[in-house]
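Hi,

Here is the structure I promised to pass on. Have a look at it first, and my notes on what turned up follow underneath.

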Amino acid sequence: MANLNKCMAVAGILAVGWLIYLLMPILTPFVAGALIAYLSDPLADRLEALGLKRQNAVIVVFAVIVLVIGLVLLLIIPMLEEQISRFIDNLPAYTRWFKTSVVPWVQKHLGVRIKFVDLEQVAGVLSGHWQQAGGVATTVLSSLSHSGAVVISWLMNLVLIPVVIFYLLRDWDDIVARVHDLLPRRWAPVVVILAEESDEVLSAVFRGQFAVMAALGTIYSIGLWLAGLDLALLIGMFSGLISFIPYAGSISGVVAASIAALAQFGDLWSVVPVLAVFGVGQMLEGVWLTPWLIGNKIGLHPVAVIFAVLAGGQLFGFLGVLLALPVASVIMVMIRHIHGFYKMSDLYGGDSSEGNSGQFG
């Protein structure tokens with residue numbers, strides 16, 4: 001009977017996983033809403049502890065979320081759109097600089113002959129299409145207008161996300177209590193320990209890592225702006241947003257900003273401020289940002305992070321990339337405890353004094 005119960009449990013988990021995989025196309029608003037609700041729950045709990053009723057606390061938090069998203073859309077998006085337009089307008093100049101400065105140097109000093117397509121023509125086509133589209137908002141609306149189904153799906157997602165956020169945030173504690181009440185009593189202590197450790201790790205991943213990404217994006221953008229770079233916000237924010245992949249943000253940022261600086265100023269010394277900006281950003285991340293905001297709670301090796309991001313993207317697309325790090329972190333919590341049980345098992349040959357780091361309670 002025990003083996004039958006275990007088989008049924010495994011089969012149930014596999015069935016749920018397969019169902020989630022099949023429902024991936026419609027899960028985006030629910031995942032986004034649940035994520036924002038999870039991140040906002042501590043703030044609602046604090047307001048509730050100060051004397052507000054749960055629903056009033058949720059309304060305050062919800063208003064703050066709407067305000068923050070509105071400010072980002074009103075302030076950051078137009079600035080990014082302006083810099084993308086400037087980048088596309090300057091593409092012909094960048095390609096001419098590449099052909100007249102970089103290619104001759106490479107051929108002279110490295111003896112490598114470079115053959116490539118007419119980048120000026122490609123740049124001209126991109127610039128023409130962007131100007132014709134009229135920017136990000138017009139491009140999105142134009143693409144959506146070609147399909148009524150896409151418009152309906154987009155609007156449903158847009159409406160569903162705040163609805164999911166509000167109701168999940170309002171009932172979050174009740175949902176957690178009900179799930180705990182449904183657990184088999186024999187498994188409840190183990191599940192509670194795993195859930196608490198997973199919550200600690202997820203808090204570090206979501207709140208800590210997102211804060212690090214935002215801080216680095218701000219540092220890079222301000223630093224490149226002080227260095228006089230036209231594309232400071234675009235390169236800085238992009239580098240910050242992909243900094244959750246080890247070294248990807250700094251390396252891509254240095255390369256992109258160095259090329260932009262050389263193309264804009266035409267002087268090798270213009271790269272020095274770029275290197276200084278990213279050097280300061282990396283120093284602040286290692287010495288202050290990561291230890292303060294994340295600490296050692298995630299515990300993932302850089303290679304594991306890269307593999308998780310690539311695997312998530314391969315299996316589930318963009319949503320998989322976003323969820324790769326938190327899922328991998330929770331899996332690491334499970335593996336640590338499995339490792340502890342293995343070290344204590346007869347298969348390993350240890351005794352009860354070994355493997356204490358992964359035991360429950």
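Ser239 is buried, with a relative accessible area of 0%. Bear in mind that this is a predicted model. Ser239 sits in helix 9, and if you skip its neighbours within four places in sequence, its contacts are Tyr220, Gly249, Gly253 and Phe278.

Phe278 takes us to the largest nonpolar core, which has 23 residues. Phe278 is among those with the most contacts inside that core, along with Leu224, Leu229, Ile235, Ala257 and Val274. At least two core residues come from each of helix 3 (54-109), helix 8 (188-226), helix 9 (232-241), helix 10 (248-265) and helix 11 (271-293). If you want one residue to click on, try Leu224: leaving out neighbours within four places in sequence, it is in contact with Leu229, Ala232, Ile235, Gly236, Ala257, Val274, Val277 and Phe278. There is also another core of 15 residues, apart from the one around Leu224, and its members include Ala37, Ile165, Phe166 and Trp172.

Now for the surface. Trp18, Leu19, Tyr21, Leu22, Leu23, Ile26, Leu315 and Phe316 make a nonpolar patch of about 820 Å². Helix 1 (2-22) and helix 12 (302-344) are the elements giving two or more residues to the patch, and helix 1 gives the most, with four. Phe316 belongs to helix 12 and counts as partly exposed because its relative accessible area is 36%, which falls between the 20% and 50% cut-offs.

Last, the charges: the count comes to six salt bridges. Asp41, Asp45, Glu48, Arg54 and Asp173 are linked in a network of them. Within that network, Arg54 pairs with Asp45, their closest N and O atoms being 2.7 Å apart, and with Glu48 at 3.2 Å, N to O. Arg54 is buried, with a relative accessible area of 13%, whereas Asp45 is partly exposed at 28% and so is Glu48 at 32%.

Another salt bridge joins Arg178 and Asp174, with the closest N and O atoms 3.2 Å apart. These two are four residues apart in helix 7 (residues 172-182), so about one helical turn separates them. Here Arg178 is exposed, with a relative accessible area of 56%, while Asp174 is partly exposed at 37%.

Over to you!

Cheers

Key
Residues are numbered from 1 along each chain as its sequence is written. This is a predicted model: local features need pLDDT of at least 70, side-chain atom pairs count only at pLDDT 80 or more; totals for chains, interfaces and linings use all residues. Side-chain values use heavy atoms; hydrogens and water are left out. A nonpolar core is a set of buried Ala, Val, Leu, Ile, Met, Phe, Trp, Tyr and Cys residues joined through side-chain atoms within 4.5 Å. Buried means under 20% relative accessible area, exposed over 50%, partly exposed in between (1.4 Å probe, protein chains only). Contact means heavy atoms within 4.5 Å. Patches are made of residues with over 30% relative accessible area and no salt bridge: like charges are joined within 9 Å, nonpolar side chains (Val, Leu, Ile, Met, Phe, Trp, Tyr) within 5 Å. Accessible areas come from the Shrake-Rupley method with a 1.4 Å probe; for residues, only the protein chains shown count as cover. A salt bridge is a side-chain nitrogen of Lys or Arg within 4 Å of a carboxyl oxygen of Asp or Glu.
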